[in-house]
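Trainee: Please take one part of this model and walk me through it closely, starting from a single helix and then following its surroundings.

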Amino acid sequence: VTLLYSIQPRVLLSTLLHGWAFLGLMFLDPLILKKLLDAADESQTHRNYGYALFLAISMFLRVACMEVCFFGSVRVMNNARTAIGPAVFAKALRHETTLDSGSLTNLMATDADKLGRWTWTVFFLAQWSFAVVSLPAVVWCMYNLLGNAAFCGAATLLVTNHLSMLLARRTRPIVAKLQEARDKRASLVSECVASARLLKLRGWIDDARDQINDARNIEMRHLVSIRLLDAANVLLGSLSGLAVPASIFTYYTVVDRKVLTPAVAFAALAWIQQMRWSINTLPDIYNLWAALQPSCERLGSFLSSEHVVEEEDSSQVCRFVGTVGYEEFAVSVDVDCSKGDLVVITGPVGSGKSTVLATLARALRPLTGTVVASDQRAYVAQRPFLSEGTVAENILFGLERDEERLSDAVARAQLTKDLEAL
């Protein structure tokens, strides 16, 4: 709520007010309906017209308020997503994080995007807050109409509410594990794409595929668990909507032994419909809390974290001491570059040169150690260009073929092992 208010306070408040107005008008319907039914029994025609006109105007106004509230909710949530994505990206560009590109992508494409997809969030907040405030008044009005049967319905609502809360508490840690599994999968995919050539030369393609598939399977298991719990929560909400009126009318007719007249029945159904908004809100708000709370925690922790930079000479560009690569292949690195230095990294194909540079650019996460770098740096990766033709034709590039010169060029370019692997 603090995040949404900081982005567009007036739109958020207007959306909440229209939502409360919509629900407030619904609160008046049972009162006017009871007056209408009583007037019908007494054959008061003029009053009936007045009550019917009031109900028609009330319905028109509440539908208008509901539409304004919904579209305001969509606007607020989409603006929140639009604001958070660039904020995460800007913090990453300033190198104020040690997260790899896969985790950063998940923050923008999954966590921030989730806010935009939950378009009903502000509407749910208005509905839930009004339901909490108005529920005692609804129970009191139902008590005046139905007696102790109203407390039976309230007790049924509290029981189902507690069960929905238990399901939401069970869902929340699974959502957090799902986000961690997505981070791991995205990191593995990012590393494999950045080091595809090394994986091919070392023959690790199958191992990399197995690791990605294992991470994906873990992610899918968590996703299935969340979907099952969500379905259980929705089913519980639907059963609650049936259990509350059933318990009220059963207690009223069986225990209190009262006759259920049409006036009492229709007025009670109107109050039950009012209470139904509270009933239906509970599973929705719990699902909302379970789905968004882990993502909001991740985004809040990332955006509010302070990046501590060690004191260093302003002329320094990069410093790193640690290991990079993968569990099967690790390279120890000790790099200390200052402004104006010309540093050359040499080694045979597959020795980890590109991996070291990608780690210094924070495209890959180091196995050990932390990269300390200034903001004034750039990483220009190699982009091999091959024209149509054979490998030899690409090397000769139109020159006359000379086997001795061709072999010498291949050896100098460290391509012997690559061609042998092909």
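## A kinked helix and its surroundings

Mentor: Helix α5, which covers residues 121-146, carries a kink of about 45° at S134, shortly before the proline P136; the bend is the angle between axes fitted to the seven residues ending at a residue and the seven starting there, and helices (H or I, at least four residues), like strands (E, at least two), are DSSP runs numbered from the N terminus. This is a predicted model, in which local features need pLDDT of at least 70 and side-chain atom pairs count only at pLDDT 80 or more, while totals for chains, interfaces and linings use all residues. Residues are numbered from 1 along each chain as its sequence is written, and side-chain values use heavy atoms, with hydrogens and water left out.

After α5 comes G147, whose phi is positive, near 80°. The helix also gives 10 residues to the largest nonpolar core, the largest share of it. That core has 46 residues, and M142, L146 and I248 have the most contacts inside it; a nonpolar core is a set of buried Ala, Val, Leu, Ile, Met, Phe, Trp, Tyr and Cys residues joined through side-chain atoms within 4.5 Å, where buried means under 20% relative accessible area, exposed over 50% and partly exposed in between (1.4 Å probe, protein chains only). Besides α5, the elements that give two or more residues to this core are α2 (9-41), α3 (45-93), α4 (101-117), α6, α8 (205-255) and α9 (262-304). Apart from it lies another core, of 10 residues, among them F320, V333, V356 and A373.

Helix α6 spans residues 149-194 and includes A186, which counts as buried at 17% relative accessibility. The C-alpha atoms of A186 and N106 are 7.4 Å from each other, although the two residues are 80 places apart along the chain.

T156 also belongs to α6 and is buried, with a relative accessible area of 16%. Its side chain makes a polar contact with that of S247, at 3.3 Å; such a contact is a pair of N or O atoms within 3.5 Å, and within protein one must be able to donate a hydrogen and the other to accept it, while residues adjacent in sequence count only if both atoms are side-chain atoms. Once neighbours within four places in sequence are left aside, T156 is in contact (heavy atoms within 4.5 Å) with A243, V244 and S247.
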